[in-house]
Amino acid sequence: MVLFIKYLLFILLVIFVIGAAVFSISSRRALNPQDKGLKSSVMNVMLGAMLVTLSLISMFLFRGSTVNIIVEAAFLLIGAFNIFSGLRSYSFYSRSRSRSQEQH
(Lines give C-alpha, C1' and ligand atoms only; values in the text may rest on other atoms or scores of the structure.)
Protein backbone atom coordinates (compact mmCIF):
# COMPACT_ATOMS: atom_id res chain seq x y z
CA MET A 1 0.00 0.00 0.00
CA VAL A 2 2.83 2.41 0.82
CA LEU A 3 4.43 1.64 -2.54
CA PHE A 4 1.16 2.49 -4.29
CA ILE A 5 1.01 5.81 -2.43
CA LYS A 6 4.62 6.60 -3.43
CA TYR A 7 3.87 5.94 -7.10
CA LEU A 8 0.65 7.93 -6.93
CA LEU A 9 2.44 10.89 -5.36
CA PHE A 10 5.17 10.72 -8.02
CA ILE A 11 2.55 10.68 -10.80
CA LEU A 12 0.79 13.65 -9.20
CA LEU A 13 4.12 15.48 -8.93
CA VAL A 14 4.79 14.99 -12.64
CA ILE A 15 1.27 16.16 -13.53
CA PHE A 16 1.62 19.28 -11.37
CA VAL A 17 5.04 20.14 -12.82
CA ILE A 18 3.79 19.77 -16.40
CA GLY A 19 0.64 21.74 -15.59
CA ALA A 20 2.62 24.54 -13.97
CA ALA A 21 4.94 24.72 -17.00
CA VAL A 22 2.03 24.79 -19.46
CA PHE A 23 0.16 27.49 -17.56
CA SER A 24 3.35 29.50 -17.09
CA ILE A 25 4.03 29.51 -20.82
CA SER A 26 0.43 30.28 -21.71
CA SER A 27 0.19 33.10 -19.15
CA ARG A 28 3.32 34.72 -20.55
CA ARG A 29 1.91 34.54 -24.08
CA ALA A 30 -1.54 35.86 -23.19
CA LEU A 31 -2.27 39.35 -24.44
CA ASN A 32 -5.37 40.07 -22.36
CA PRO A 33 -4.48 41.00 -18.75
CA GLN A 34 -7.44 39.05 -17.35
CA ASP A 35 -6.44 35.90 -19.25
CA LYS A 36 -2.87 36.38 -18.06
CA GLY A 37 -4.07 36.72 -14.47
CA LEU A 38 -6.31 33.65 -14.68
CA LYS A 39 -3.56 31.50 -16.14
CA SER A 40 -0.93 32.70 -13.69
CA SER A 41 -3.27 32.01 -10.77
CA VAL A 42 -3.83 28.44 -12.00
CA MET A 43 -0.03 28.15 -12.32
CA ASN A 44 0.26 29.32 -8.71
CA VAL A 45 -2.19 26.62 -7.58
CA MET A 46 -0.22 23.99 -9.53
CA LEU A 47 3.05 25.12 -7.94
CA GLY A 48 1.48 24.98 -4.48
CA ALA A 49 0.15 21.49 -5.13
CA MET A 50 3.61 20.50 -6.36
CA LEU A 51 5.19 21.72 -3.11
CA VAL A 52 2.60 19.91 -0.99
CA THR A 53 3.20 16.73 -3.01
CA LEU A 54 6.97 17.12 -2.56
CA SER A 55 6.52 17.39 1.19
CA LEU A 56 4.32 14.28 1.24
CA ILE A 57 6.87 12.37 -0.83
CA SER A 58 9.56 13.46 1.59
CA MET A 59 7.44 12.24 4.50
CA PHE A 60 7.06 8.80 2.93
CA LEU A 61 10.65 8.39 1.74
CA PHE A 62 12.73 9.72 4.63
CA ARG A 63 12.49 9.07 8.33
CA GLY A 64 12.23 11.98 10.72
CA SER A 65 15.46 13.81 11.30
CA THR A 66 15.04 17.36 12.50
CA VAL A 67 16.20 18.88 9.21
CA ASN A 68 13.79 16.72 7.20
CA ILE A 69 10.85 17.69 9.39
CA ILE A 70 11.69 21.40 9.07
CA VAL A 71 12.00 21.14 5.26
CA GLU A 72 8.75 19.14 5.01
CA ALA A 73 6.90 21.68 7.16
CA ALA A 74 8.29 24.59 5.14
CA PHE A 75 7.26 22.97 1.82
CA LEU A 76 3.83 22.20 3.25
CA LEU A 77 3.26 25.76 4.50
CA ILE A 78 4.58 27.45 1.34
CA GLY A 79 2.55 25.08 -0.84
CA ALA A 80 -0.62 25.70 1.14
CA PHE A 81 -0.07 29.46 0.91
CA ASN A 82 0.48 29.21 -2.88
CA ILE A 83 -2.74 27.21 -3.26
CA PHE A 84 -4.66 29.74 -1.14
CA SER A 85 -3.29 32.79 -2.94
CA GLY A 86 -3.79 31.17 -6.35
CA LEU A 87 -7.43 30.40 -5.58
CA ARG A 88 -7.95 33.89 -4.25
CA SER A 89 -6.45 35.54 -7.32
CA TYR A 90 -8.37 33.15 -9.59
CA SER A 91 -11.65 34.25 -8.02
CA PHE A 92 -10.63 37.90 -8.39
CA TYR A 93 -9.71 37.58 -12.07
CA SER A 94 -12.75 35.46 -12.92
CA ARG A 95 -15.05 38.04 -11.29
CA SER A 96 -13.34 40.92 -13.09
CA ARG A 97 -13.48 39.00 -16.35
CA SER A 98 -17.22 38.40 -16.00
CA ARG A 99 -17.75 42.09 -15.19
CA SER A 100 -15.83 43.19 -18.28
CA GLN A 101 -17.84 40.80 -20.47
CA GLU A 102 -21.09 42.19 -19.06
CA GLN A 103 -20.04 45.71 -19.99
CA HIS A 104 -19.40 44.81 -23.64
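## Helix H2 and Met-50

Helices are taken here as DSSP runs of at least four residues, numbered from the N terminus, and in this predicted model Met-50 has its place in helix H2. Met-50 counts as buried because its relative accessibility is 17%, and buried means under 20%. When residues up to four places away in sequence are not counted, Met-50 touches Leu-13, Phe-16 and Val-17.

The separation between Met-50 and Met-1 is 22 Å from C-alpha to C-alpha, while the two residues are 49 residues apart in sequence.

## The nonpolar core

Which residues make up the largest nonpolar core? This core has six residues, namely Leu-9, Leu-13, Phe-16, Ala-49, Met-50 and Ile-57, and the elements that give two or more residues to it are H1 and helix H2, the latter covering 33-61.

Two of the contact lists connect with this core. Ile-57, once its neighbours within four places in sequence are left aside, is in contact with Leu-9, Phe-10 and Leu-13, and Met-50, on a similar count, touches residues including Leu-13 and Phe-16.

## Helix H1 and the nonpolar surface patch

Met-1 is found in the segment before helix H1, which spans 2-29, and with a relative accessible area of 74% Met-1 is exposed. A nonpolar surface patch of about 990 Å² includes Met-1 and is also made by Phe-4, Leu-8, Phe-10, Ile-11, Leu-12, Val-14, Ile-15, Ile-18 and Val-22. Phe-10, one of the residues of this patch, is also among the residues in contact with Ile-57.

Arg-28 has its place in helix H1 and counts as exposed, at 67% relative accessibility. The C-alpha atoms of Arg-28 and Leu-9 are separated by 28 Å, with these positions 19 residues apart along the chain given as their sequence separation.

## The loop between H2 and H3

Phe-62 lies in the loop between H2 and H3, where its relative accessible area of 46% makes Phe-62 partly exposed. Computed along the sequence, so to speak, Phe-62 and Leu-13 are 49 residues apart, and their C-alpha atoms are 17 Å apart in space.

## Helix H3

Is Glu-72 buried or exposed? Glu-72, which is found in helix H3, counts as buried, because its relative accessibility is 9%. Leaving aside neighbours within four places in sequence, Glu-72 is in contact with Ser-55, Ser-58 and Met-59.

Ser-91 is also found in helix H3, which is formed by residues 66-103, and Ser-91 counts as partly exposed at 26% relative accessibility. Ser-91 and Leu-3 are 88 residues apart along the chain, and their C-alpha atoms are separated by 37 Å.

## The aromatic pair

A pair of aromatic rings is described by the distance of the centres and the angle of the planes. A search of the whole structure finds one such pair. The rings of Phe-92 and Tyr-93 have centres 5.3 Å apart and planes at 75°, so the pair is edge-to-face, a description that applies when the planes are over 60 degrees apart.

Both partners are described by their accessibility as well: Phe-92 counts as partly exposed at 47%, and Tyr-93 is partly exposed with a relative accessible area of 26%.

How values were computed:
Residues are numbered from 1 along each chain as its sequence is written. This is a predicted model: local features need pLDDT of at least 70, side-chain atom pairs count only at pLDDT 80 or more; totals for chains, interfaces and linings use all residues. Side-chain values use heavy atoms; hydrogens and water are left out. Patches are made of residues with over 30% relative accessible area and no salt bridge: like charges are joined within 9 Å, nonpolar side chains (Val, Leu, Ile, Met, Phe, Trp, Tyr) within 5 Å. Accessible areas come from the Shrake-Rupley method with a 1.4 Å probe; for residues, only the protein chains shown count as cover. A salt bridge is a side-chain nitrogen of Lys or Arg within 4 Å of a carboxyl oxygen of Asp or Glu. Buried means under 20% relative accessible area, exposed over 50%, partly exposed in between (1.4 Å probe, protein chains only). Rings of Phe, Tyr and Trp (its six-membered ring) pair if their centres lie within 6.5 Å; planes under 30 degrees apart count as stacked, over 60 as edge-to-face and the rest as tilted. A nonpolar core is a set of buried Ala, Val, Leu, Ile, Met, Phe, Trp, Tyr and Cys residues joined through side-chain atoms within 4.5 Å. Contact means heavy atoms within 4.5 Å.
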